[in-house]
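Here are my notes for you on the ligand site and on one helix pair. Have a look at the model first.

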Amino acid sequence: MKICIINGPNLNLTGIREPEIYGFSGFDQYISTLRSEFPDVDLDYFQSNIEGELINKLHEAGFETDGIILNAGAYTHTSVAIGDAVEAIKAPVVEVHMSNVWAREEFRHFSYISSAAAGVIAGFGLGSYRLALLNFLGR
Ligand code: DQA
């Protein structure tokens, strides 16, 4: 099974950025942990701070993977174009957030992605990605 994790803006700073919200662990280390825990999954990982690059990656992964785990960061709440890309592709997308966006500022309560996503997981720190992966594995 081929799954792609796509992370949006500022998520390259996970572990450094606002650790009281996003935790103290970095994403590169977490990806290695996931790859060890799920050796049968071909797990691709892409991060960009640039909206168009995220869209290009959705177009690519959206036709050659079994599923996408997408944390579009702040673009979740602003990007019609990323929402349209999620609508346009074939692979199911699980929207994830490390924080519980509904327990935060009101502008984080709306997502341009959720209506096109297979599901939304939020509030479990890096564990949100693991839960999304388990969903694709049917566990
Ligand atoms: C986030 C929540 C977004 O509101 C925020 O802009 C992020 C991270 C999360 O993982 O909790 O960058 O997507």
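How do the residues of the shell around the ligand divide into nonpolar, polar and charged?

1. The split is 4 nonpolar, 5 polar and 2 charged, where Ala, Val, Leu, Ile, Met, Phe, Trp, Tyr, Cys and Pro count as nonpolar, Asp, Glu, Lys and Arg as charged, and the others, Gly among them, as polar. Surrounding the ligand (a heavy atom within 4 Å) are residues including Arg 17, Tyr 22, His 77, Met 98 and Arg 108.

2. Before you lean on any of this: the model is predicted, with local features needing pLDDT of at least 70 and side-chain atom pairs 80 or more, while totals for chains, interfaces and linings use all residues. Numbering starts from 1 along each chain as its sequence is written, and side-chain values use heavy atoms, leaving out hydrogens and water.

3. On to the polar contacts (N or O pairs within 3.5 Å). A polar side-chain atom of His 77 sits 2.7 Å from a ligand oxygen, and one of Arg 17 is at 3.0 Å from a ligand oxygen. Met 98 uses a backbone N or O atom, 2.7 Å from an oxygen of the ligand. The protein buries 99% of the 330 Å² that the ligand exposes when taken alone (Shrake-Rupley, 1.4 Å probe).

4. Away from the ligand, helix 2 (residues 27–37) packs with helix 5 (residues 127–136) at about 30 degrees, axes 11 Å apart. So helix 2 is roughly parallel to helix 5 (angles under 35 degrees).

Technical notes:
A polar contact is a pair of N or O atoms within 3.5 Å; within protein, one must be able to donate a hydrogen and the other to accept it, and residues adjacent in sequence count only if both atoms are side-chain atoms. Axes are lines fitted to C-alpha atoms, for helices over the stretch in contact, and angles run from 0 to 180 degrees between N-to-C directions. Helices (H or I, at least four residues) and strands (E, at least two) are DSSP runs, numbered from the N terminus. Angles under 35 degrees count as roughly parallel, over 145 as roughly antiparallel, 65 to 115 as roughly perpendicular and the rest as oblique.
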